[in-house]
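Here are some exercises to help you find your way around a new structure. Try each one yourself, then read through the worked solution.

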Amino acid sequence: RRGELQVAFCPENIAACPDCDLLQRIPALPDGETAYCPRCGRTLAESKIDSLRRTLAFTIAAAIVLIIANSTPLLGLSAVGRRADTTILGGVLLMWQHGQEITALLVAFCTVIAPSVYIVVMLTVLMAINRTPVPSWIRPLLGLSEFSKSWSMVEVMMLGILVALVKIADLATVLPGIGMFAVFALILLLASISVSFDPREVWIRIPWADANAKPALPGFAFENPTTVGDDFAKAATGGQLGLVACRTCSLLIAPPDVQKPGRCPRCGAKLALRHAKMFQRSWALLLAAAICYIPANLLPVMNTTTPGYEEKDTIISGVILLYETGSWPLALIVLIASVMIPLAKIIALAYLLLTIQFRRNRGRQERIRLYRLVEVVGRWSMLDVFVVTFVVALVQLQPLMSVEPGAGVLFFAAVVVLTMLAAENFDPRSLWDPDTAKENNS
C-alpha cells in the first residue's frame with residue numbers, strides 16, 4: 001500500500017518543468033505575475049487575481065450560452081420558396097443518416113459533448129470548492145476537465161461554419177441564426193475560463209488521496225536555475241534525482257522506486273517517470289495517419305446533386321472553388337488547415353522522434369517550440385470535417401439540390417484524431433534526456 005512505501009513529496013515551491021524536467025524553485029508571485037521555465041520558456045505558475053470567483057462567473061454564463069447554442073438554429077438556407085435550418089446536433093444527425101456514423105460521433109464529441117463536460121465539471125468543482133470540508137471527489141474531476149478542454153473545438157467549428165456559408169452562398173440565401181451568435185459568445189467565454197482559472201488554488205484546498213505521505217527532507221542537491229545563468233548543464237532535473245512529477249496536479253514526488261512510482265499522493269493519478277512505450281505508440285499513430293492522409297485527399301469529401309448534374313468535391317477542389325469565387329482568404333485558410341497542417345504535423349512529429357532516437361543534442365529550444373506549435377495548430381485540421389457537416393445539413397432541398405458526405409471525410413477525420421493522439425503521446429521531456437531512445441525502448 002502507498003502508506004507502507006513511505007511516499008515523499010517535495011515542497012510546493014519546488015517544481016520540475018513539464019516540458020524539460022528542469023528543477024527550480026518558484027518564488028512567491030505578485031498578483032498578475034507569471035513564472036516561466038528559464039530553459040524552455042514553459043509557463044510554470046501564474047498568480048491570477050480573484051481566480052475562482054471570476055472563473056465561476058464565466059462558467060455560469062458559458063453554461064447558459066451552451067444551452068442556447070445547442071437548442072437554436074445555427075443557420076438557415078432559403079431557395080425558390082424552400083427553407084432549411086440546422087442546429088449542431090442536426091448536422092450530426094444528418095451525417096449519421098448518410099452512413100458517416102464515426103464522423104458524426106467525432107463531431108458530436110468535439111462540439112457538444114467535450115464542451116458540455118468541461119463546463120459542467122468546472123461548474124461542479126468551483127461550487128464544491130467552497131464547501132467545508134472540500135469533497136475528495138473533486139480530484140478526478142480536475143483531470144477530466146483538462147481532457148475535455150483539449151478536445152473541445154467550438155472555435156474550429158465556428159470557422160467551419162463561416163467557410164460553409166461562403167461555399168453555399170451562391171446556391172441560396174443564407175440566414176444566420178441565434179445559435180451562431182451564441183456559439184461566438186461561447187468561444188469568448190471558454191477562452192475567459194481558461195485564462196482566469198488557476199488550478200493551483202483548487203489543489204491546495206483538496207484533501208490528499210494518501211494521508212500517510214510525508215514531506216521530503218529539505219536540501220535537495222540541485223542548483224537553482226536562477227543562480228546558474230544560462231549554463232543549464234549544471235542544473236539538475238527531476239529524473240536525475242529520482243523525482244517524478246505528477247502530470248495531473250504537478251506535485252513533485254520522491255518515490256521509493258522511480259521505475260514503479262505508484263500513484264500521486266495528492267490526486268491519486270498513476271505516476272510515470274516518462275510516457276511508457278512513447279516511441280512505439282507515436283510511430284504507430286503517425287504511420288496510420290500517413291496512410292489515411294492519401295485517401296483523405298484523393299477521395300471526395302462531398303457529393304453535390306442537382307437535377308442537372310452531380311459533382312464530387314475533394315478537399316483540393318473545394319479550395320479551388322473558394323479561390324475562384326473570390327474568397328481567397330478562406331481558400332488559403334482551408335488549404336493550410338486541411339492540407340498543409342496535417343502533413344506538417346506528421347513530418348514534424350516524425351522529425352522530433354528521429355532527433356531523440358539519434359540523440360541529437362543541439363537545437364532543443366527550437367524543437368520544443370516546434371512541438372508546442374504542433375499542439376496548438378493540430379485541432380484546426382478538423383476544419384474541413386465541420387465544413388462538410390454543416391454544408392450537408394443545410395443543402396437538403398430535394399428535389400432541387402442536396403449534398404451528401406463523401407468517403408474522404410472519414411479518412412480525413414482519422415488523420416486529425418491520429419495526429420492529435422500522437423502529439424499527446426509524445427513526451428517533450430525526452431528531448432532533454434540523455435540516452436532517451438535506449439531507455440524508452442528497453
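**Exercise 1. Work out how far apart Glu-146 and Lys-149 are along helix 5, and what joins them.**

Start with the helix: this is a predicted model, and its helix 5 covers residues 138-150. Glu-146 and Lys-149 are 3 residues apart there, so about one helical turn separates them. Next, look at the side chains: Glu-146 forms a salt bridge with Lys-149, and the closest N and O atoms are 3.9 Å apart. That fits the cut-off, since a salt bridge needs the nitrogen within 4 Å of the carboxyl oxygen. Finally, check the surroundings. Glu-146 is partly exposed, with a relative accessible area of 42%, and Lys-149 is partly exposed too, at 29%.

**Exercise 2. Sort the partners in the salt bridges Arg-53 to Asp-50 and Asp-198 to Arg-200 into buried, partly exposed or exposed.**

A quick reminder before the sorting: side chains of opposite charge can pair when their charged atoms come close. You'll also need the cut-offs: buried means under 20% relative accessible area, exposed means over 50%, and partly exposed is in between.

- Step one: Arg-53 and Asp-50 meet through their side chains at 3.1 Å, N to O.
- Step two: Arg-53 has a relative accessible area of 64%, so Arg-53 is exposed.
- Step three: Asp-50 comes to 35%, so Asp-50 counts as partly exposed.
- Step four: Asp-198 and Arg-200 make their salt bridge at 3.7 Å, N to O.
- Step five: Asp-198 has just 7% relative accessibility, so Asp-198 counts as buried.
- Step six: Arg-200 is at 39%, so Arg-200 is partly exposed.

Elsewhere, salt bridges with shared partners tie Asp-19, Arg-42 and Arg-372 into one network. Searching the whole structure turns up 11 salt bridges.

**Exercise 3. Describe how strand 4 and strand 5 are arranged, then place Ser-47.**

Begin with the pairing. Strand 4 (residues 34-36) and strand 5 run antiparallel, joined by 3 bridges. To pick out one pair, go to Ala-35: the bridge partner of Ala-35 in strand 5 is Ala-45. Now follow the chain between the two strands. They form a hairpin with 6 residues between them, and Gly-41 in the turn has a positive phi of about 85°.

Carry on past strand 5 (43-46) and you reach Ser-47, in the loop that leads to helix 2 (51-71). Is Ser-47 buried or exposed? At 14% relative accessibility, Ser-47 counts as buried. Setting aside neighbours within four places in sequence, the contacts of Ser-47 are Leu-29, Pro-30, Asp-31, Gly-32, Glu-33 and Arg-200.

**Exercise 4. Find which strands stand at the edges of the sheet with order 9-1-11-10.**

First, read the order: this is an open sheet of 4 strands, with mixed pairing. Strand 9 (214-215) and strand 10 (244-245) each have a single partner strand, so one side of each is left without a neighbour in the sheet, and these two stand at the edges. Then zoom in on one pairing. Strand 1 (residues 8-9) and strand 9 run parallel, with 2 bridges between them. Within this pair, Phe-9 stands opposite Pro-215.

**Exercise 5. Work out which helix gives the nonpolar surface patch its largest share.**

List the members to start: Tyr-323, Trp-328, Leu-332, Ile-336 and Met-340 form the patch, with about 560 Å² of accessible area together. Compare them with helix 12, which spans residues 328-357: this helix provides 4 residues, the largest share. Take Ile-336, one of the residues in helix 12. With 34% relative accessibility, Ile-336 counts as partly exposed.

**Exercise 6. Locate Asp-433 and name what it touches.**

Asp-433 sits in the loop between helix 15 (408-425) and helix 16 (436-441). With a relative accessibility of 15%, Asp-433 counts as buried. Leaving out residues up to four places away in sequence, Asp-433 touches Arg-274 and Arg-364. With Arg-274 there is a polar contact between side chains, at 2.6 Å.

**Exercise 7. Sum up the whole protein: how many helices and strands are there?**

The count is 16 helices and 15 strands. Of the 442 residues, 52% count as buried. The accessible surface comes to about 20500 Å², and 63% of that belongs to carbon and sulfur atoms.

How values were computed. Residues are numbered from 1 along each chain as its sequence is written. This is a predicted model: local features need pLDDT of at least 70, side-chain atom pairs count only at pLDDT 80 or more; totals for chains, interfaces and linings use all residues. Side-chain values use heavy atoms; hydrogens and water are left out. Two strands pair if DSSP finds at least two bridges between them. Patches are made of residues with over 30% relative accessible area and no salt bridge: like charges are joined within 9 Å, nonpolar side chains (Val, Leu, Ile, Met, Phe, Trp, Tyr) within 5 Å. Accessible areas come from the Shrake-Rupley method with a 1.4 Å probe; for residues, only the protein chains shown count as cover. Buried means under 20% relative accessible area, exposed over 50%, partly exposed in between (1.4 Å probe, protein chains only). A polar contact is a pair of N or O atoms within 3.5 Å; within protein, one must be able to donate a hydrogen and the other to accept it, and residues adjacent in sequence count only if both atoms are side-chain atoms. Contact means heavy atoms within 4.5 Å.
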